[in-house]
Amino acid sequence: MTPAEALEQVVYYLDRAHDTGFKTKAFVRALEVVRSVPDDELVARAEAGNLTDLDGIGSSSATVIQQALAGGEVRYLTDLASSTEVPLTRGGAIYRAALQGDLHLHSRWSDGGATIEAMARAAIALGHRYMVLTDHSPRLTVAHGLSAERLAEQLRDVRVLNERLAPFRILTGIEVDILEDGTLDHDNDVLAGLDLVVASVHSKLRMPSAEMTTRMVRAVASPHVDVLGHCTGRLIGKRDPSTFDADMVFAACAACHTAVEINSRPERLDPPRAMLQQAIEMGCLFSIDSDAHSTGQLEWQPHGCNRAAEMGVPLDRIINTWPLDDLLRWVAGQ
Ligand SMILES: [Zn+2]
Ligand SMILES: [Zn+2]
């Protein structure tokens, strides 16, 4: 393992543990430094014990680099592997084993931290057969949402990657913003050109219940929308869930061919339990998605799997347990 690979793995583990603090930033910085320093200089510094003279290399990253160069076990990495493991219940394990892909994740094209290829390779390593690339739509300027032009450019990249990564398949998609009136943040012809569309509310989360209900029903009724993303918009401990008539929204999802996402981000875990129960009773389909913004976050699906198991979501109603051909047929409305 090279020092860069070891540091990449450290960052991956910290990401899956949702460590967004100083430690992760320090390792990301160390990784950049290691990539910019010639190998022989790194070796010489490791031997002389002065790696930390390099700006951006602290004692922990120096130890990782030294151990990687020594060719033996990178102890820091071994410890991190066990301490950051994402918890999976016995029931959740059944759901996780059934998942064939991930329908909601981001790349560097919007506000993700990794390239499409890095996300795809991490998804392959997790055993996935497909993933849907769902970067943000233009209205979400803080997240560098994709205009129709940039999206078209991204689709060209995906085509090339798919040739290289086959039989794994990157499906094209977007996390399209549900605008205040329930219309979508891309034209229908743009959405029609994508394999799968996740639609989410990211603005005006506090609008009155009746208006929010109309807004969401209108969005999920669009023939282009396949998945309703993180439906309440809550951030646990930080932002309350939006209020809407859940029976009405889920009835619309069930009737209009839109799956309800079980968002696995630990700060979201959306929908909350009671609402998930309602969606089950309304006969909805579901997807269990990571909503990953980095490779390590692709490991978050177990959070959603644990929740699905706890609430007894019927396994065959989870569309990303389906084989790719079945999923594509469903998306196409057949
Ligand atoms: Zn979102
Ligand atoms: Zn997202």
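**A walk from the sheet edge to a helix pair**

Let's begin with one residue pair: Glu 261 lies opposite Ser 287 of strand E7. The model you are looking at is predicted, and this pair is a good way into its sheet. A little further along, Asn 263 has Asp 289 in E7 as its bridge partner. Both pairs belong to the pairing of strand E6 (residues 259-263) with E7, which is parallel and runs over four bridges.

Now step back to take in the sheet. It is open and built from seven strands, ordered E1-E2-E3-E4-E5-E6-E7, with parallel pairing. Strands in a sheet are joined by backbone hydrogen bonds, in either a parallel or an antiparallel sense. At the edges sit strand E1 (101-105) and strand E7 (286-289), each of which pairs on one side only.

How does the chain fit E6 and E7 together? With helix H12 (residues 273-281), the two strands make a right-handed β-α-β unit. Side chains in a regular strand alternate between the two faces of the sheet. In E7, Phe 286 and Ile 288 are on one side, Ser 287 and Asp 289 are on the other, and all are buried, so both faces of this strand are covered.

Finally, turn to a pair of helices. Helix H6 (residues 90-98) packs against helix H13 (residues 301-311) at about 115°, and their axes are 7 Å apart. The crossing is right-handed. On the H6 side, the contact involves Gly 91, Gly 92, Ile 94, Tyr 95 and Arg 96; the H13 residues they meet include Pro 302, Cys 305, Ala 308 and Glu 310. By type, the residues of this contact are six nonpolar, four polar and two charged.

Key. Residues numbered from 1 in each chain as written. Chains lettered and ligands numbered in written order. Predicted model: local features only at pLDDT ≥ 70, side-chain atom pairs only at ≥ 80, totals over all residues. Axes fitted to C-alpha atoms, helices over the stretch in contact; angles between N-to-C directions. Left-handed = near helix turned anticlockwise from the far one by under 90°. Contact = placed C-beta atoms within 7 Å. Nonpolar A, V, L, I, M, F, W, Y, C, P; charged D, E, K, R; others polar. Pairing = 2+ DSSP bridges. Buried ≥ 20, exposed ≤ 12 C-beta atoms within 10 Å, placed from the backbone. Right-handed = clockwise from strand over helix to strand, strands pointing away.
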